[in-house]
Each structure stands twice: as C-alpha cells, then as structure tokens.
Amino acid sequence: MMLLVLGVALPGCADMSDNMSSAFADPAKYDLYECKQLETERKNLANRSAELQGLMAKAETGVAGSVVAELAYRNDYIAVRGQAKLAEEAWRRNKCHDSPPEKTGTPDKPGAPSANARPTPPSRSGGAVY
C-alpha cells in the first residue's frame with residue numbers, strides 16, 4: 001500500500017521539481033568563472049545530466065522502478081539541471097563562444113609519421129632484463 005502511495009505522490013513532486021531546479025544551485029557560483037572554465041563546466045554538467053537520465057531510465061525498468069529512480073537520482077538530477085541553467089546564464093552574460101575543435105594533427109599521407117611522433121624502439125623478444 002505504501003508503494004502505491006509513493007508511486008502516486010512522487011510523479012507530482014517530479015513536475016514541481018522542474019520549476020525548482022535553481023533552488024538546488026548557488027546563483028553566484030559561476031559569477032567569477034572565465035569562458036574557458038564555463039565551457040568545461042557546461043560540458044561536465046551536460047555529461048552528468050545525461051548520466052543521471054540514463055540511470056533513472058535504467059532504474060525505471062525494474063520493479064517499483066519509478067520510486068527507485070525518484071528516490072535515488074531525482075535530487076541530483078535537479079541540482080545538475082539548476083547548475084547547468086546558471087552556467088548557461090553566465091555563459092551568455094559573459095558573451096562566451098565555443099572553442100574551435102582541436103586539430104588532431106593527422107598526417108596528410110596515410111602511413112607518414114606526424115611531426116610530433118616519437119620513433120618506436122625496436123621490439124625485443126624474450127624476457128631478459130638489461
């Protein structure tokens with residue numbers, strides 16, 4: 001009976017939590033961050049949010065999964081969403097732009113060594129130590 005009550009009550013709390021995501025985050029946390037720091041933080045928060053969504057989806061597949069997902073992961077998810085929202089606001093306020101993707105330094109010709117490549121020492125067979 002208790003699980004039934006929790007199953008009915010918790011989804012209502014989930015709807016409320018979408019509006020309260022900023023209540024779990026410090027509004028001044030990102031005020032002094034530079035664009036480079038904000039870029040890293042935004043990526044980390046997006047990864048954490050996706051991870052928590054995956055964990056919640058996985059938990060919901062089990063018996064009483066909705067209850068488990070709400071109890072185990074919802075508060076963390078709400079906090080991460082609040083932080084992500086504040087980081088995004090600081091990103092826009094600072095007029096930051098995404099960094100261009102790093103070049104991988106791939107050689108022009110396949111099989112040609114790159115300028116930064118170290119020569120590979122010759123392999124030795126056997127277990128002798130020199």
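**Entry 1: a term to settle beforehand**

A crossing of two helices is called left-handed if the near helix is turned anticlockwise from the far one by less than a right angle. I needed this wording for the pair H2 and H3, since H2 passes H3 in a left-handed crossing. I note at the outset that the model I am reading is predicted.

**Entry 2: the chain as a whole**

I looked up the secondary structure and found 3 helices and 0 strands in the chain. Along the sequence, I read the pattern as α-α-α. I then checked burial for the whole chain: 22% of its 130 residues count as buried.

**Entry 3: helices H2 and H3**

Two packed helices are described by the angle between their axes and the distance between the axes. I therefore looked up both values for this pair. Helix H2 covers residues 35-60, and helix H3 covers residues 65-93. Their axes come within 9 Å and cross at roughly 160°. Angles over 145 degrees count as roughly antiparallel, and H2 and H3 are therefore roughly antiparallel to each other. I next sorted the residues of the contact of H2 with H3 by class: 16 are nonpolar, 5 are polar and 7 are charged.

**Entry 4: the loop and the segment after H3**

Which residue in the loop between H2 and H3 did I look up? I looked up Ala64, which has its place in that loop. Its phi is positive, about 55°, although Ala64 is not a glycine. Ala64 counts as partly exposed because its relative accessibility is 34%, and partly exposed residues lie between the cut-offs of 20% and 50%.

I made a second entry of this kind for Lys95, which is found in the segment after H3. Phi of Lys95 is near 55°, a positive value in a residue other than glycine. Lys95 is exposed, because its relative accessible area is 67% and exposed means over 50%.

**Entry 5: two residues of H3**

I looked up Glu70, which has its place in helix H3. Is Glu70 buried or exposed? Glu70 is buried, because its relative accessible area is 14% and the limit for buried is under 20%. I also recorded a distance from this residue: the C-alpha atoms of Glu70 and Ala59 are separated by 9.2 Å, and the two residues are 11 residues apart along the chain.

Lys85 lies in helix H3 as well. I found Lys85 partly exposed, with a relative accessible area of 45%. Between the C-alpha atoms of Lys85 and Pro27 I noted 9.7 Å, for residues 58 apart along the chain.

**Entry 6: aromatic rings**

How many aromatic pairs does a search of the whole structure find? The search finds 1 aromatic pair. Tyr30 and Tyr33 form this pair, with 5.0 Å centre to centre and 80° between the planes. The arrangement is edge-to-face, because planes over 60 degrees apart count as such.

I then compared the two tyrosines by accessibility. Tyr30 is buried, with a relative accessible area of 1%, whereas Tyr33 counts as partly exposed at 25% relative accessibility.

My last check concerned a charge and a ring. The charged end of Arg42 sits over the ring of Trp91, and I noted a distance of 4.0 Å from the centre of that ring.

How values were computed: Residues numbered from 1 in each chain as written. Predicted model: local features only at pLDDT ≥ 70, side-chain atom pairs only at ≥ 80, totals over all residues. Heavy atoms only, no water. Helix = DSSP H or I, 4+ residues; strand = E, 2+ residues; numbered from the N terminus. Buried < 20%, exposed > 50% of the residue type's maximum accessible area, 1.4 Å probe, protein only. Axes fitted to C-alpha atoms, helices over the stretch in contact; angles between N-to-C directions. Parallel < 35°, antiparallel > 145°, perpendicular 65-115°, else oblique. Nonpolar A, V, L, I, M, F, W, Y, C, P; charged D, E, K, R; others polar. Phe/Tyr/Trp six-rings, centres within 6.5 Å; stacked < 30°, edge-to-face > 60°. Lys NZ or Arg CZ within 6 Å of the ring centre and 35° of its normal.
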